[in-house]
Amino acid sequence: MKMTRIWGVLLLAGMAACKSVQPAATPVAQSTKLIPHGAGWAALWQQQSGEYKALCLQAYQLAALRLDQYLAQKGAKPLAVVTDIDETVLDNSPYSVHQALNDRGYDEKSWSEWTAKAAADTVPGAPNFFKYAASKGVQVFYITNRSESERAATLKNLQRYNFPFADDQHLMLKTTTSGKEGRRQQVLQQFDIVMLFGDNLSDFSNIFDKKPYQERNAAALKSAPEYGSRFIVLPNPMYGDWEGAIYNFQYKLTDHQKDSIMQSVLKNY
Ligand SMILES: [Mg+2]
């Protein structure tokens, strides 16, 4: 694909050289630089770098130490941890690879075809941590923006790796809103949430929901004391609200339009 593009550029350059000084009548179609192939590069890193594995293990090993601290402080209600699923406990990088190699970005249909396979591997460290939490009497709630139609396959995928509390009661799917605050409040009615796990800042607090990227970044810095404490953050360079925030969550823009906006915020020299 890259070679095709290079040949295309060479061909266009050759054509331009053969022409005389006449200005081009029609602009050459602009190519995208970041979308949709950026996610393929990110998925390569997620799949094949030791650094990705190390970061995830670092997050979950620190989480276990923190959990021990929280267990020593008995609260009024039973304890729970809340976790996101995608890129927090399950690794969907094969989906990003599949889409990128087909010159496509995310779409709901292809995503649900992938999740229906229940074939996602685990994020390193996640199964051990959540089993440890369960062994200490801490309940695990999975708050995800997967949809109701993905329920059975999602549970099957989690159960395949013996994730604790992988049942209907603990799986809270997206209903009317992608915002997770309502679902966190539901858990809080009966439990003290000691820690939250996610790859997307909205997995932790609604202060990050649907904010333009500059505000989102400012809010991220303000929450510094929470990371590695109550908030355990996993890496995901493939997708997330960080990306949507850059083009102001205008998901219906074309890849070309999104790509232009993304290029406009890159810091170059
Ligand atoms: Mg996620």
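## Exercises around a magnesium site

N248 sits in the loop that joins α10 (241-246) to α11 (255-265). Helices (H or I, at least four residues) and strands (E, at least two) are DSSP runs, numbered from the N terminus. The model is predicted, so local features need pLDDT of at least 70 and side-chain atom pairs count only at pLDDT 80 or more, while totals for chains, interfaces and linings use all residues. Residues are numbered from 1 along each chain as its sequence is written, and side-chain values use heavy atoms, with hydrogens and water left out.

**Exercise 1. Find what is unusual about the phi of N248, and say whether N248 is buried, partly exposed or exposed.**

Step 1: Look at the backbone. Phi of N248 is near 55 degrees, which is a positive value in a residue other than glycine.

Step 2: Look at the surface. Buried means under 20% relative accessible area, exposed over 50%, and partly exposed in between (1.4 Å probe, protein chains only). N248 has 46% relative accessibility, so N248 counts as partly exposed.

Step 3: Try N162 as well. N162 is not a glycine either, yet has a positive phi of about 60 degrees. Its place is the loop between α7 (151-160) and β5 (171-172). N162 counts as exposed because its relative accessibility is 54%.

**Exercise 2. Name the residues that coordinate the magnesium ion, and place D86 and D199 along the chain.**

Step 1: List the donors, which are N, O and S atoms within 2.8 Å of the metal (3.2 Å for Na, K and Ca); water is not among the atoms, so sites may look incomplete. D84 (OD), D86 (O) and D199 (OD) coordinate the ion at 2.0 to 2.1 Å.

Step 2: Write their spacing, which is D-x1-D-x112-D along the chain. D86 and D199 link distant parts of the chain, being 113 residues apart: D86 is in the loop between β1 (79-83) and β2 (90-91), and D199 is in the loop between β6 (192-198) and α9.

Step 3: Check their surroundings. Both D86 and D199 are buried.

**Exercise 3. Work out which distant residues G228 touches.**

Step 1: Place G228 in the loop between α9 (213-222) and β7 (231-233). G228 is buried because its relative accessible area is 14%.

Step 2: Search for contacts, meaning heavy atoms within 4.5 Å. Leaving aside neighbours within four places in sequence, G228 is in contact with L62 and R66.

Step 3: Compare positions. G228 and L62 are 166 residues apart along the chain, while their C-alpha atoms are separated by 6.8 Å.

**Exercise 4. Describe the largest nonpolar core and say which element gives the most to it.**

Step 1: Fix the term. A nonpolar core is a set of buried Ala, Val, Leu, Ile, Met, Phe, Trp, Tyr and Cys residues joined through side-chain atoms within 4.5 Å.

Step 2: Pick out the central members. Of the 36 residues in the largest core, Y60, L67, V81, V89, F130, M195 and F197 touch the most other members.

Step 3: Trace the sources. α3 (50-72), β1, α5, α6 (126-135), β4, α7 and β6 each supply at least two residues of this core. α3 gives the most, with eight residues.

Step 4: Zoom in on V81. Leaving aside neighbours within four places in sequence, its contacts include L67, F130, M195 and F197.
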